Amino acid sequence: SYVVAVLIVIQFIFALVTGEGESRLKSFGGSLSTYLFQILQYLTYNSEEKPFPFKDWPESEDVDCDNQQG
């Protein structure tokens, strides 16, 4: 949770300074959230697929948040 909090703060600072988030941190944040989801799926017996380090680190799903409707 500390890694996620630090990532959020750094992205917020980048957004304040440059007007947009840093792309490498955005990619890392995406793969980190996928990894955390995989852990929760495995621990709650919703998936038999073991997460990292038993398989490769997940790739970031390149989602364009600006084009999503919500």
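These legends accompany close-up views of a predicted model.

**View 1. Helices α1 and α2 where they meet.** Here we look at helix α1, residues 2-18, beside helix α2, residues 23-43. Their axes come within 11 Å and cross at roughly 155°. Angles over 145 degrees count as roughly antiparallel, so α1 is roughly antiparallel to α2. The crossing of α1 past α2 is left-handed.

**View 2. The residues in the contact between α1 and α2.** On the α1 side, the contact is made by Val3, Val4, Leu7, Ile10, Gln11 and Phe14. Facing them from α2 are Leu25, Lys26, Phe28, Gly29, Leu32 and Leu36. Sorted by character, the residues of this contact comprise nine nonpolar, two polar and one charged. If you are wondering about the spacing along each helix, a general point helps: an α-helix has 3.6 residues a turn, so residues three or four places apart point the same way.

**View 3. Helix α2 from end to end.** How far apart are the end C-alpha atoms of α2? They are 30 Å apart, and this agrees with the expected span, because 21 residues at 1.5 Å a residue should also cover 30 Å. Within α2, the buried residues are Gly29, Gly30, Ser31, Leu32, Thr34, Tyr35 and Gln38. The buried residues of α2 pack against α1.

**View 4. Thr34 and its contacts.** Let's stay in helix α2, where Thr34 is found. Is Thr34 buried or exposed? Its relative accessibility is 16%, and the cut-off for buried is under 20%, so Thr34 counts as buried. With neighbours within four places in sequence left aside, Thr34 is in contact with Pro58 and Glu59.

**View 5. Tyr45 and its backbone angle.** Tyr45 sits in the segment after α2. Although Tyr45 is not a glycine, its phi is positive, at about 60°. For context, most residues other than glycine have a negative phi. Tyr45 has a relative accessibility of 77%, so it counts as exposed.

**View 6. Lys55 and the residues it touches.** The segment after α2 also holds Lys55. A relative accessible area of 27% makes Lys55 partly exposed. Which residues does Lys55 touch, not counting those up to four places away in sequence? They are Gln38, Glu49 and Lys50. Of these, Gln38 also appears among the buried residues of α2 in View 3.

Definitions and conventions:
Residues numbered from 1 in each chain as written. Predicted model: local features only at pLDDT ≥ 70, side-chain atom pairs only at ≥ 80, totals over all residues. Heavy atoms only, no water. Axes fitted to C-alpha atoms, helices over the stretch in contact; angles between N-to-C directions. Helix = DSSP H or I, 4+ residues; strand = E, 2+ residues; numbered from the N terminus. Parallel < 35°, antiparallel > 145°, perpendicular 65-115°, else oblique. Left-handed = near helix turned anticlockwise from the far one by under 90°. Contact = heavy atoms within 4.5 Å. Nonpolar A, V, L, I, M, F, W, Y, C, P; charged D, E, K, R; others polar. Buried < 20%, exposed > 50% of the residue type's maximum accessible area, 1.4 Å probe, protein only. Expected span 1.5 Å × (residues − 1).
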